[in-house]
Amino acid sequence: GRYHAGKCRTKSSMKYSFLQSREWGKFQEAVGRRVEWVKVRDREVQVVYMPLPFGLWYAQSSRADLDEDGWREVVERVWESGAVFVRIEPLDQQSKISKQLHKVRDNQPSTTRIIDLSLSEEELLAGMKPKTRYNIRLAERKGVVVQEAKGVWGIRKFLRLLEKTKERQQFTVHAPEYYEKMLAMGVARLFVARYNGKVRTANIVVSCGDTATYLHGASSEKDREVMAPYLLHWMTMLWAKKHGLRWYDLWGVAPPPHPSPLPRVEREIIHPLASVSRFKEGFGGAVVTYPGTFEIPLRPVWYSLVRFHRRTRHLV
């Protein structure tokens, strides 16, 4: 039967994000953050309060479907809380609210690649790059097995792989408890690819509304030649399709290249998502771009101090 993603399932993915779901709000509370639902006309908007140095805090609201007036209402409500600033991530370019907006480094990725699962399996494969199709078939021939992993066993496997991936690729990750709670609460599902009985790659996927979003991934350096990550994504797409979901969001790619005098290879090195973007591009789909991340100062003096601290310590 059709898969139901809790209270997310009645929403359209084009104007709704799991980041605004009740389930995500409960998860944020479980990891120690205060969540407030701000009433804006006919809807409630999720605001998460995040800690700052010096015992301060800021408010964050991601991917809410609001216009300029709607965002203004959120900012007015948050001002009463004593937050130093509001960080917003609008769904579309129309959500400008004031000249006070400071464009900052992306919090959630501002560019992603989304695959239409209403296409047939043959059409989905035809939309991929030949190398990606080949690697999917290769993994199948080599005997790679994809399955959903539940319980403590799956969480431990993911965390072990994540630690190795972190060391290899030098990127920051959440504390282990963050992923443990996400999976234990049922906010997300864990899919793994095994080769000769050993887990070689694992993905955390959030299902909300009509969209499955690949949120976190980890992999091993061992047995890379069997191309397990390719089959893992393909089988996850088929799982989502089977359960009635419409979109598969690969969650985070480098933005389209701008005209530049630099050679193509040098341009790609600049963006940290360049290599993973080439991998995701192989699956086809369409690039979707959001406006990005903005901050609105509410306490200007404190905001200046926080920005200075951020530049020197890279904490936020």
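## Terms and model

Two strands pair if DSSP finds at least two bridges between them. Helices (H or I, at least four residues) and strands (E, at least two) are DSSP runs, numbered from the N terminus.

This is a predicted model, in which local features need pLDDT of at least 70, side-chain atom pairs count only at pLDDT 80 or more, and totals for chains, interfaces and linings use all residues. Residues are numbered from 1 along each chain as its sequence is written, and side-chain values use heavy atoms, with hydrogens and water left out.

## The chain overall

The chain has 10 helices and 13 strands. Of its 316 residues, 48% are buried. Buried means under 20% relative accessible area, exposed means over 50%, and partly exposed lies in between (1.4 Å probe, protein chains only).

Contact means heavy atoms within 4.5 Å. Among contacts with a separation of 6 or more, 71% are between residues 24 or more positions apart.

## The sheet of 7 strands

This open sheet has the order 7-8-9-10-11-6-12, with mixed pairing. Strand 7 (145–149) and strand 12 (286–289) stand at the edges. Each has a single partner strand, so one side of each is left without a neighbour in the sheet. Neighbouring strands are turned by 30° against each other on average, direction ignored. For such angles, axes are lines fitted to C-alpha atoms, for helices over the stretch in contact, and angles run from 0 to 180 degrees between N-to-C directions.

Strand 6 (residues 111–116) and strand 12 run antiparallel, joined by 4 bridges. Here Thr 111 stands opposite Thr 289 of strand 12. Two helices pack on this sheet. Helix 5 (residues 151–169) touches strand 7, strand 8 (189–195), strand 9 (198–208) and strand 10 (211–219), and its direction makes about 65° with that of strand 10. Helix 7 (residues 228–242) touches strands including strand 6 and strand 11 (247–249), and its direction makes about 30° with that of strand 9.

## Strand 10 and its partners

Why is strand 10 described as largely enclosed? In strand 10, 9 of the 9 residues are buried, so the rest of the structure largely encloses it.

Strand 9 runs antiparallel to strand 10, with 8 bridges between them. Ser 207 has Ala 212 of strand 10 as its bridge partner. The two strands form a hairpin with 2 residues between them. In the turn, Gly 209 has a positive phi of about 60°. Strand 10 also joins strand 11 through 3 bridges, and these two run parallel. Thr 211 stands opposite Trp 247 in strand 11.

## The sheet of 6 strands

This sheet is also open, with the order 1-2-3-4-13-5 and mixed pairing. Strand 1 (34–40) and strand 5 (102–104) are the edge strands, and each pairs on one side only. Strand 5 pairs with strand 13 (residues 293–297) in the antiparallel sense over 3 bridges. Val 104 has Thr 293 of strand 13 as its bridge partner.

Helix 2 (residues 68–79) lies across strands that include strand 2 (43–51), strand 3 (57–62) and strand 4 (85–89), running at about 135° to strand 1. Helix 10 packs on the sheet too, touching strand 4, strand 5 and strand 13. The direction of helix 10 makes about 65° with that of strand 4.

## Helix 10 at the surface

Helix 10 spans residues 300–313 and holds Val 301. Val 301 is exposed, with a relative accessible area of 64%.
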